[in-house]
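Here's a quick tour of the empty space inside this protein and what fills it. Have the 3D view open as you read.

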Amino acid sequence: MQAPQEILLAEPRGFCAGVDRAIEIVERAIQKFGAPIYVRHEIVHNTYVVNDLKAKGAIFIEELSDVPPGATLVFSAHGVSKAVQQEAVARGFSIFDATCPLVTKVHVEVAKLAKEGYEFIMIGHKGHPEVEGTMGQLDHGIHLVEDVEDVARVQPQQTEKLAVVTQTTLSVDDAAEISAAVRARFPSVREPKQQDICYATQNRQDAVKVLSPQVDVVIVVGSPTSSNSNRLRELAAKLGTTAYMVDNADELQGEWFKGLARVGLTAGASAPEILVQQVIDRIKALGAVSVRTMAGIEETIKFPLPKGLKIDAATGLDITERTPETGPAGH
Ligand code: 10E
Ligand code: SF4
């Protein structure tokens, strides 16, 4: 059987600005305040990232009752509900909020429209921490729909003031279909000016759309818990290309590549480039001879760090006061 000849790398792939920022927040908090730093939920859904931060002194917890008094606590990039935020403040932790600013933007929109009397339909995946965080911005009045069937079943109390919000990492195509069903059932529904699905999700899915028809198999680097990574694998499969998602190079199986001419490779927004390079090395060891990076959008977006963790680029010195914020920023 002929070995794979070429690896085609999707562009863009891997870390987004929100993930970069969230990891940097934990690393800087450890540097500045010393280990341990507590993190509510996996900072991002990636096994390598979480293990790396554990080794540096982070402790990941789900329940705030597992955080000792006086500790420093970081909220994960997926965001938290008002109840979690309030409990953390009440327990007196020093809090750094690593919620992606694009998730916070959705929270802010929900709070603003709720004040104007709106009820919400949220398109998202049940049980996902981002969905719990966004729905948890209000005590009531947000109805979750996961698919078109749910849209037919949803029962808002009124329909004059109804708005749609979404999880940021959905399949762009599925979300469009579900939004269309919402619009068909509730024609006056208010939709986000700019959709809630973020630039990184959109760009990585667009790249897979370009990549998939050019290759015989698509490998997505990402952890099983990562929603956006799962969507990339699903998308490639929907486009008719065999697709696998792997957490690391050890999960690759030689028979996936036997006799194939081209292997497509991408990575979810929470998957570090080091894992992509290890996957490339392994596929090369199986017989691939060359690597080519697709042409693609260059992402330049970068989010600022929270107060108390900013370091001057020129001097390396802390440029804000020493005390961490009491209460999360950006909410
Ligand atoms: O499961 P998700 O794709 O939401 O999260 P992730 O940690 O794999 O990637 C980063 C995306 C975030 C924080 C949600 N906007
Ligand atoms: Fe932010 Fe989008 Fe990255 Fe989520 S996937 S952390 S919303 S940039």
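About 310 Å³ of space lies in the largest cavity. Keep in mind that this is a predicted model. Counting those of 30 Å³ or more, the structure holds three cavities.

So who lines the largest one? There are 25 lining residues, and C16, V19, T168, T169 and N228 come closest to the centre of the cavity. By type, the lining splits into 12 nonpolar, 11 polar and two charged residues.

Several helices pitch in. Each one in this table supplies at least two residues of the lining of the largest cavity:

| Helix | Residues |
|---|---|
| Helix 1 | 17-33 |
| Helix 4 | 101-115 |
| Helix 8 | 199-211 |
| Helix 9 | 227-238 |

Which helix gives the most to the lining? That's helix 8, with four residues.

Now for the occupant. Ligand 2 sits in this largest cavity. Around ligand 2 you'll find C16, G18, C100, L102, T168, T169, C198 and Y199. That shell is made up of five nonpolar and three polar residues, with no charged ones.

One more residue to click on is S227, which lies in helix 9. Is S227 buried or exposed? It counts as buried, because its relative accessibility is 7%, and the cut-off for buried is under 20%. Setting aside neighbours within four places in sequence, S227 is in contact with H125, H128, Q167 and T169. T169 also turned up in the shell around ligand 2.

Conventions. Residues are numbered from 1 along each chain as its sequence is written. Chains are lettered from A and ligands numbered from 1 in the order in which they are written. This is a predicted model: local features need pLDDT of at least 70, side-chain atom pairs count only at pLDDT 80 or more; totals for chains, interfaces and linings use all residues. Side-chain values use heavy atoms; hydrogens and water are left out. A residue is near a molecule or strand if one of its heavy atoms lies within 4 Å of it. On a 1 Å grid over the protein atoms alone, a cavity is a set of points where a 1.4 Å probe fits but cannot get out, and a pocket is an open set with protein on both sides within 12 Å along at least five of seven lines; lining residues have an atom within 4 Å of a point. A molecule sits in a cavity or pocket if more than half of its atoms lie within 2 Å of its grid points. Ala, Val, Leu, Ile, Met, Phe, Trp, Tyr, Cys and Pro count as nonpolar, Asp, Glu, Lys and Arg as charged, and the others, Gly among them, as polar. Grid points are joined across faces, edges and corners, and a volume is the space filled by probe spheres set on the points. Buried means under 20% relative accessible area, exposed over 50%, partly exposed in between (1.4 Å probe, protein chains only). Contact means heavy atoms within 4.5 Å.
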